[in-house]
Amino acid sequence: MLAKAFYYPNGLNYPFHHHIPIQFLYASQGVVKVTTEAGIWVVPNNRAVWIPSNIFHKIEATGVLAMRNIYFKPNHFSKFPDQCCVVTVTPLLKELIKHATEITPDYVENSPEARVMDVIVDNLKTLDTTPLLLPAPWDNRLLKITNSFAENPSDNRTLASWGKVVGASERTLARLFVKETGMTFRQWRQQAKLIEALSLLAQGMAVKEVAFDVGYESVSAFIYMFRKSLGCTPGQFFNS
């Protein structure tokens with residue numbers, strides 16, 4: 001088990017790669033986006049993402065990034081997630097991770113340093129996951145829709161309208177969305193808006209501005225969606 005701290009003054013754009021150690025990626029400053037073939041995870045303040053062994057992934061960040069990573073051998077313990085997922089980092093775990101990055105890799109078993117690492121492992125086993133995955137389809141027609149939406153998350157065109165653009169019926173596209181993402185088109189679009197909103201909010205943008213940027217006609221409608229998805233308001237989410 002090894003902890004490292006990294007600082008990127010102008011953000012980070014690290015291309016697709018993989019590694020044998022399991023990675024627990026926590027950004028104490030900045031917003032991180034992790035992309036795999038399964039989809040996209042946005043990791044705002046007070047959250048972290050698990051990246052399993054040998055999963056190809058790309059890491060991007062907005063603005064200044066302070067990143068603290070913990071690396072584990074694949075067989076370190078049995079409760080590691082086998083898929084990427086976002087978890088909420090507790091105040092205690094934040095401090096433990098910060099301390100762990102100051103521990104040299106050559107620490108010995110049964111030492112004070114080793115006991116700190118053991119406490120971290122115990123805390124990692126109890127973290128709550130946060131539903132922040134945006135699943136990625138593979139059908140070319142759906143990709144045209146999702147790629148366009150990534151450029152303009154305020155786009156509220158119906159699936160019938162998109163069908164005319166990509167050359168497929170509304171029924172076909174609806175069926176493919178459920179098959180390939182596990183979500184209806186409406187659910188996928190709402191999740192995409194939520195993911196984009198989290199990134200903007202974490203950068204300090206006002207809730208009202210974010211609501212309109214992602215295509216909501218009112219702030220109250222945006223907050224309702226946010227609370228329904230994550231169980232709290234934007235302010236509560238970023239202060240938790």
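Leaving out neighbours within four places in sequence, T35 is in contact with F16, I40, F56, H57, K58 and E60. I start with T35 because the residue is easy to place: T35 sits in strand β3, which covers residues 22-36, and T35 is buried, at a relative accessible area of 12%. Before I go on, please keep in mind that this is a predicted model.

Next, the largest pocket. Its volume is about 560 Å³. Why look for a pocket with a probe at all? Because rolling a probe the size of a water molecule over the atoms shows where empty space is left. The lining of this pocket consists of 27 residues, and the closest to the centre are K33, I40, L134, A150 and E196. You have heard one of those names already: I40 is also among the contacts of T35.

Which elements give two or more residues to the lining of the largest pocket? They are β3, β4 (39-43), β6 (57-72), β9 (133-135), α3 and α6 (185-202). The largest share comes from α6, with 6 residues. By class, the lining has 16 nonpolar, 8 polar and 3 charged residues.

Two of those elements, α3 and α6, also take part in helix packing, so let me cite each pair in turn. Helix α3 covers residues 140-151 and helix α5 covers residues 170-181. Their axes are 10 Å apart, and the packing angle is about 85°. Is that parallel or perpendicular? An angle from 65 to 115 degrees counts as roughly perpendicular, and therefore α3 is roughly perpendicular to α5.

On the α3 side, the residues that meet α5 are R141, L142, I145 and T146. On the α5 side, they are T172, L173, L176, F177 and E180. Sorted by class, this contact has 5 nonpolar, 2 polar and 2 charged residues.

The second pair is α6 with helix α8, residues 219-230. Here the angle is about 100° and the axes are 11 Å apart. These two helices are therefore roughly perpendicular to each other as well. From α6, the residues Q190, L194, A197, L198 and L201 meet F222, M225, F226, S229 and L230 of α8. This contact divides into 8 nonpolar residues, 2 polar residues and no charged ones.

Now a single residue that touches some of the names we just met. V210 lies in helix α7, residues 207-213. Is V210 buried or exposed? V210 is buried, with a relative accessible area of 0%; the cut-off for buried is under 20%. Apart from neighbours within four places in sequence, V210 is in contact with A197, L200, L201, M205 and F222. Of these, A197 and L201 on α6 and F222 on α8 also belong to the contact of those two helices. V210 and F222 are 12 residues apart along the chain, and their C-alpha atoms are separated by 8.8 Å.

After α8 comes another residue to note. T233 is in the loop between α8 and α9 (234-238). T233 counts as buried, at 17% relative accessibility. Not counting residues up to four places away in sequence, T233 touches I223, F226 and R227. F226 is one of the α8 residues that meet α6.

Now for the loops. Two asparagines deserve a look at their backbone angles. N54 has phi near 60°, a positive value in a residue other than glycine. Where is N54? N54 lies in the loop between β5 (47-51) and β6. With a relative accessible area of 41%, N54 is partly exposed.

The other asparagine is N110. N110 is not a glycine either, yet its phi is positive, at about 65°. The residue sits in the loop between α1 (91-100) and α2 (112-124). At 67% relative accessibility, N110 counts as exposed, since the cut-off for exposed is over 50%.

The loop between α1 and α2 also holds E102. E102 is exposed, with a relative accessible area of 58%. How far apart in space are E102 and G231? From C-alpha to C-alpha the distance is 35 Å, and in sequence the two are 129 residues apart.

To finish, two things to find on the screen. Look for α6, which gives 6 residues to the lining of the largest pocket and packs with α8 at about 100°. Then look for V210, buried at 0%, with contacts that include A197 and F222.

Technical notes: Residues are numbered from 1 along each chain as its sequence is written. This is a predicted model: local features need pLDDT of at least 70, side-chain atom pairs count only at pLDDT 80 or more; totals for chains, interfaces and linings use all residues. Side-chain values use heavy atoms; hydrogens and water are left out. Helices (H or I, at least four residues) and strands (E, at least two) are DSSP runs, numbered from the N terminus. Buried means under 20% relative accessible area, exposed over 50%, partly exposed in between (1.4 Å probe, protein chains only). Contact means heavy atoms within 4.5 Å. Axes are lines fitted to C-alpha atoms, for helices over the stretch in contact, and angles run from 0 to 180 degrees between N-to-C directions. Angles under 35 degrees count as roughly parallel, over 145 as roughly antiparallel, 65 to 115 as roughly perpendicular and the rest as oblique. Ala, Val, Leu, Ile, Met, Phe, Trp, Tyr, Cys and Pro count as nonpolar, Asp, Glu, Lys and Arg as charged, and the others, Gly among them, as polar. On a 1 Å grid over the protein atoms alone, a cavity is a set of points where a 1.4 Å probe fits but cannot get out, and a pocket is an open set with protein on both sides within 12 Å along at least five of seven lines; lining residues have an atom within 4 Å of a point. Grid points are joined across faces, edges and corners, and a volume is the space filled by probe spheres set on the points.
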